[in-house]
Amino acid sequence: HASAPAFSRALRLLLAYKDREGHVEVPVRHVEQGFALGQWLCEKRSVYRRSTLDADCQAQLESAGVVWDPRARALASAFNRAFKLLLDYKAREGHVEVPQKHVEEGFTLGRWLGRQRSAARRGALDADWRAQVEWAG
């Protein structure tokens, strides 16, 4: 429970980590002042996924900036970066028929777009992402 001294201490350490590092994506093996902060946060995410995390704890962790599924956030961030490059390409070239081997700002945009289209045909592309790719052309 959020009022427990152990939770309060862990939250203080998490906030100190955030102040120092600028984020709360604590590596699992990270130890902060002798406390296994990364493991603690991993356990909190696990409890959240089981829908058994105390609402007050959840609110405090979310207020601190905790993302419950960091992999999903990383994937979304990568998609958004690639999609921005696609829109830049379209604005410059007037179309989105990106050659397979085309590289945009060090990113293999043509290969990425091919994978998105292939995933869309298989029904394996996130619906929002599919809509964005289709909207772009």
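In helix H3 (55-64), a DSSP run of H or I with at least four residues, numbered from the N terminus, the residues Cys 57, Leu 61 and Ala 64 are buried, that is, under 20% relative accessible area with a 1.4 Å probe and protein chains only, where exposed means over 50% and partly exposed lies in between. Seen down the axis of H3, these buried residues fall within an arc of 55°, so they line one face of the helix; the arc is that of the directions from the helix axis to the C-beta atoms. The model is predicted, with local features needing pLDDT of at least 70 and side-chain atom pairs counting only at pLDDT 80 or more, while totals for chains, interfaces and linings use all residues. Residues are numbered from 1 along each chain as its sequence is written, and side-chain values use heavy atoms, with hydrogens and water left out.

The buried residues of H3 pack against H1 and H2, whereas the face turned away from the buried side carries the exposed residues Ala 55 and Ser 63. At the N-terminal end of H3, Asp 54 acts as a cap, with a side-chain oxygen 3.0 Å from the backbone nitrogen of Asp 56, and just after the helix Gly 65 takes a positive phi of about 110°.

The largest nonpolar core, a set of buried Ala, Val, Leu, Ile, Met, Phe, Trp, Tyr and Cys residues joined through side-chain atoms within 4.5 Å, has 19 residues, and Leu 14, Leu 37, Trp 40, Leu 61 and Val 66 touch the most other members. Helices H1 (5-21), H2 (37-49) and H3 each supply at least two residues of this core, and H1 gives the most, with 6 residues.

Methods
Contact means heavy atoms within 4.5 Å. A polar contact is a pair of N or O atoms within 3.5 Å; within protein, one must be able to donate a hydrogen and the other to accept it, and residues adjacent in sequence count only if both atoms are side-chain atoms.
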